[in-house]
Amino acid sequence: MKAILSCTLLFLALAANISGQTAPITADEAHHRAEALLKQMTIEEKVGQMNQSSGIVMPLLASEKPDNLIVQGKVGSILWLIDVKEINRLQHLAVDKSRLHIPILFAFDVIHGYRTVFPIPLAMAASWDPGVEEAAQHLAGEDARAAGIRWTFTPMVDIARDSRWGRIVEGAGEDPYLGAAMARAQVRGFQGESLGPDSVVACVKHFAGYGAAEGGRDYDSSYVPEELMQNVYLVPFHAAEQAGAGSFMSAYMDLNDVPATGNHWLLTDVLRKQWGFKGFVVSDAWAVGALQTHGYAKDPEDAAFKAVTAGLDMDMASLTYPKYLAGLVHSGKVKEAQLDAAVLPILEVKYELGLFDHPYVDESKVDSTLSRPEGRELERKVAARSMVLLKNDKHTLPLAKSIKKIAVIGALADSVRDIEGGWTVEGLFGGGSKSNPVTILAGLKNKLGPGTEINYVAGPSPVRLFPSLFDAISGTKPPPPPTDAEIAESIAKAKAAAAGADVVIAVVGETAVMSSESASRASMELPGIQQQMLEAAASTGKPLVLVLENGRPVDVQWASKHIPAILEAWYPGTEGGNAVADVLFGDVNPGGKLPISWAHSAGEEPLYYNHNLTHEPEDRPNFTSRYWDVSSKPLYPFGYGLSYTSFKFDHLRLSKTTMTTGDATEVQVDVTNTGKLAGDAVAQIYIHQRWGSASRPVRQLKGFKRIALQPGETQTLKFTLGKDELEFWSPQTKAWAVEPSTFDVWAGEDSTASLHAELSVTE
Ligand code: BGC
């Protein structure tokens, strides 16, 4: 009987092991189990958990085979490995052969989708719909989990106020309030309400101040005073932490001369002590070793010392911890308690994920999960929801499906490689995208069928000077610059195609690698000969629609004057071409809004709406803060975006116009669809504190809501202005507080909204 029972139990355990179904364990239980396990571990095994090794540069230590290291318990996590067979093989070594059977946590950058690729994160922020980003990241998480990845280096929540910085593409743009909403949504999408067997652990990055890189040059130093860290740069990080994010990633750069990866103030004082973070912190790739390159650590051993004592729990790929940490503990320089504090949350997360019970991937289900049609359906919806209509003179858009002849111009219009953006898991590490993405040209063909003739002129691919990081990984090369003859021919063809068409759709922007990591630009101009081809097509006088495919604002000053309709499509993802066609032909009414201020040209950067007032504000005639040669206002403001219908904002009212600092007021505003089509409005609430212990930004977003309205329909929206919205961190008091003052309150469609009310806050 006992034998039968134990056979049954073994069978149930094995079945559960493969199916991945397990009852979640509580955080307390995970904590107790982790503590018990920690007591059995040697110093070397503890250091092993703090080592994340690189799947592409195994073996880890020159003298040892990776398999041996896993068996010896010296590998806690592996990144950059997506071959599920190899994942299972290595996991078996850890679980079956290592002394304590601790499973490996496999990690990867599932930034905006696994096989089905969602729009770039900047685009998803442009939806101003945290719910839709949560749904996208939830699906991406399910895909990742099915493929054995239980930890993603997402969300990237760096505030980006400078469009020259290529990584602006990965975040939610320039605003801390919108950024915080998108950060929370992504954590919930990947992890759910709390960590459990269905979760993928989120990793909030890059902690912190990375987006403030000098000159917009990626990796360059950031100098950010504490008031700006507290009020702007740290806000989305704190929101993600409060949403329960299991891990954080330290940034690469120097923050105020102390590299983030060895920065005790960031990793311990703010993250652990002020916020009470209970998860673990991993470095960015090779960043522990790079503490020496920065000129902060004397040698690699000192780098390990400085990182671990600053509060950095896991070393990503630099091998500095596995080489030096045990020695530092044995010599008494680092206390074993410091290792325990680092290892405990790593083990807790592994327990909470159910990894000890279900460490393996079901290889038979990977492909069917990754190719689910519901993923593509959601992608198409998210992509269309993220698009921003920048200009639409004389109702140029939507186009009629009865059009007979269309000219499509631009190499990006049919570029499979670019439509999904830069971070594609299988595109980078799986030998090429397996999603069969729909380009814009293909999407137009799908929408219109054989009755419409489409004449396509690609022209040369946009040029860049150097190979990118991703070229190095995926073995590609930058396209060669076109010859003079090719340039002349492309321009002539663009003009001829436009002349023979009823409507021209020009697709211009940047190739995906141009806005990504290590991909800054000193100019926002359209790369290559795109501008010339555009002007040639426009010179025919034919109706022209410009579709932008890009990961950061580009210089569209000319187009904003001469082209009647401009649609920002971003890198819209796997179904991107179909989604662009949905919007161009009116099956979807665009409702996205800019999550960034769109500059005229790069000389205006950094540019952001929530700046302080100068002593001579810009609307005064003389001695204002300005350039001689270009406006210092954006071409398109933060929060801006048009619709095929129109909206009216009215009756802004506050439940209390006077209140004390501890109180809250309710803001109400009526929004009416005044046009003839159903459409989405995004109501935005901005405030300004007129005086106080510090100068406050001219405007700050403090509430938003995307709503769908039928023609003629009115909705009354409610927002709260209380402690969370009104407080700020004052450089004089070094504390958060709501101060007595007068506050301006605006409601409307973008950051220039004029509908105004006043709130008086007293002691
Ligand atoms: C990037 C991180 C990324 C890591 C792992 C680094 O180069 O800065 O954002 O998560 O690589 O791929």
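Strands, as named in these legends, are DSSP runs of at least two residues, numbered from the N terminus.

**View 1. Gln52 in strand S1 of the predicted model.** The structure shown is a predicted model, and this view centres on Gln52, which has its place in strand S1, a run covering residues 51–54. Gln52 counts as buried because its relative accessibility is 0%, and buried here means under 20% relative accessible area. The side chain of Gln52 makes a polar contact with the side chain of Ser77, at a distance of 3.0 Å.

**View 2. The ligand and the residues around it.** The shell around the ligand is made up of Leu79, Trp80, Asp109, Phe153, Arg167, Lys205, His206, Met249, Tyr252, Asp284, Met316 and Glu517. By residue class, this shell divides into six nonpolar, one polar and five charged residues.

**View 3. Polar side-chain atoms facing ligand oxygens.** In the predicted model, an N or O atom in the side chain of Asp109 is 2.4 Å from an oxygen atom of the ligand. For Asp284, a polar side-chain atom lies 2.6 Å from an oxygen atom of the ligand, while for Lys205 the corresponding distance from a polar side-chain atom to a ligand oxygen is 2.8 Å. The ligand taken alone exposes 310 Å², and the protein buries 95% of that area.

**View 4. Helix H8 and the residues at its two ends.** Helix H8 comprises 16 residues, 176–191, and reaches 22 Å from its first C-alpha to its last, which is close to the 22 Å expected at 1.5 Å a residue. The helix is mostly covered, with 13 of its 16 residues buried. At the N-terminal end of H8, Asp175 acts as a cap, with a side-chain oxygen 3.0 Å from the backbone nitrogen of Tyr177. Just after H8 comes Gly192, which takes a positive phi of about 80°.

**View 5. Val425 in helix H19.** Val425 lies in helix H19, which covers residues 425–429. With a relative accessible area of 1%, Val425 is buried, since that value falls under 20%. Val425 and Gln292 are 133 residues apart along the chain, and their C-alpha atoms are separated by 31 Å.

**View 6. The span annotated as Fibronectin type III-like.** An unreviewed UniProt entry lists residues 681–751 under "domain: Fibronectin type III-like". In the predicted model, this span is 6% helix and 58% strand, and the C-alpha atoms at its two ends lie 14 Å apart.

Definitions and conventions
Residues are numbered from 1 along each chain as its sequence is written. This is a predicted model: local features need pLDDT of at least 70, side-chain atom pairs count only at pLDDT 80 or more; totals for chains, interfaces and linings use all residues. Side-chain values use heavy atoms; hydrogens and water are left out. A residue is near a molecule or strand if one of its heavy atoms lies within 4 Å of it. A polar contact is a pair of N or O atoms within 3.5 Å; within protein, one must be able to donate a hydrogen and the other to accept it, and residues adjacent in sequence count only if both atoms are side-chain atoms. Accessible areas come from the Shrake-Rupley method with a 1.4 Å probe; for residues, only the protein chains shown count as cover. Ala, Val, Leu, Ile, Met, Phe, Trp, Tyr, Cys and Pro count as nonpolar, Asp, Glu, Lys and Arg as charged, and the others, Gly among them, as polar. Helices (H or I, at least four residues) and strands (E, at least two) are DSSP runs, numbered from the N terminus. The expected span of a helix is 1.5 Å times one less than its number of residues. Buried means under 20% relative accessible area, exposed over 50%, partly exposed in between (1.4 Å probe, protein chains only). UniProt positions are given in the numbering used here, feature names are shortened, and annotations may be inferred rather than shown by experiment.
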